Amino acid sequence: MTTSPPPLLTAQDLHVTFPGRRGAAPARAVDGVDLDIRAGEIVALVGESGCGKTTLARTLLGLVTPTGGRVSFAGAPLSYTSRALKSYRKRVQLVLQDPSGSLNPRHTVYDAVAEGLRIHGYGGDERAAVAQALSRAGLRPPERFFLRYPHELSGGQRQRVVIAGALVLDPELIVADEPVASLDASVRGEILALLLRLRDELGLAALVVTHDLGLAWNIADRVAVMYLGRIVETGAVEDVLTSPQHPYTQALLSVVPEAPGDPVVLTGEPPDPSRIPSGCRFHARCQVLGSGEAEAAGVADACRTRDLEVLDGGGGAQVACHWARARVTAT
């Protein structure tokens, strides 16, 4: 019997709470999250704006200190000393959404990519390392881009420079926050194909943060759907996107252009981490509860009053939904 290797990165019962302003209730931006990412795996973290996915990503990067729970990398708990975080960020790199905002307009491409090497005191051949990173990011021949400035590049080329800046330190994991949101449709596929190639050639793991389930379909091995600080559904991309169980996942999927049927219009207030309701945190906007299907399944009261446990963050298909679980029991 063979056992799978341990996860590369693990979040266990992770909480991030921000103080309320002017007497308001604290905002529970991340409210009990378990999540594993394995070497060479691409996980898509999906949810609408305000659901907590960017805060979770920043916490996994060590940019936000959790108020509860812990983050572990390669089996060791993350330490928040300056020295430990500096070492950690060589192995886990961030790719931001807007390449124009990520790149200093006064720095050449060479300097932008070499910045990480200089921060970490790289003792090898800097020019060769920069050239290799640019080449891996699809900017070839790399020397042709050394002396260019960001304004001289296309949007897709700027994003490749940002990716090269992450790759230059040979990380094991990248966290990409909406990596193609600011790009033209014609370029998005190229960047997604690049991330897939980096996974296949370098064994690079990635957490891709996005609001777009269509993007997740094209790139992810596994999907974690987040709502109001919690992961409410997770599993292999084929399972989650061909047979979504949570009404929230179903609503997100319904607005993908290729999805059959009419889009699901969610009513009620958007996520507010300072006002998490009792019961299922999605129940006030749930189309299933509103249609009477939850009542027919005998779970409407549970939806309104009984919270669901935190999903364990592993690789199997899981859903935090009274109605979805009642359907499984009924069959």
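Strands β7 (residues 173-177) and β8 (residues 205-210) run parallel in this predicted model, joined by five bridges. Within that pairing, Ile174 of the one strand faces Ala206 in β8.

Both strands belong to an open sheet of seven strands, ordered β6-β7-β8-β3-β9-β10-β11, and the pairing is mixed. At its edges are β6 (92-95) and β11 (318-319); each has a single partner strand, so one side of each lacks a neighbour in the sheet.

Let's see which helices meet the β6 and β7 end. The table sets out two of them.

| Helix | Strands | Angle to β6 |
|---|---|---|
| α2 (residues 82-91) | touches β6 and β7 | about 70° |
| α6 (residues 155-167) | lies across β6 and β7 | about 165° |

Further along the sheet order comes β10, and here Arg230 is worth a look. Arg230 sits in strand β10 (residues 230-236). Is Arg230 buried or exposed? Its relative accessibility is 14%, and because buried means under 20%, Arg230 counts as buried. The side chain of Arg230 comes to 3.1 Å from the backbone oxygen of Leu308. Leaving aside neighbours within four places in sequence, the contacts of Arg230 include Asp31, Gly32 and Val33, as well as Arg281 and Asp307.

Val33 leads us to another pair of strands. Val33 in β2 stands opposite Leu14, and strand β1 (residues 9-18) pairs with β2 in the antiparallel sense over eight bridges. In strand β2 (residues 27-37), 10 of the 11 residues are buried, so the rest of the structure largely encloses this strand.

Terms used. Residues numbered from 1 in each chain as written. Predicted model: local features only at pLDDT ≥ 70, side-chain atom pairs only at ≥ 80, totals over all residues. Heavy atoms only, no water. Helix = DSSP H or I, 4+ residues; strand = E, 2+ residues; numbered from the N terminus. Buried < 20%, exposed > 50% of the residue type's maximum accessible area, 1.4 Å probe, protein only. Polar contact = N/O pair within 3.5 Å; in protein donor to acceptor, adjacent residues only side chain to side chain. Contact = heavy atoms within 4.5 Å. Pairing = 2+ DSSP bridges. Axes fitted to C-alpha atoms, helices over the stretch in contact; angles between N-to-C directions.
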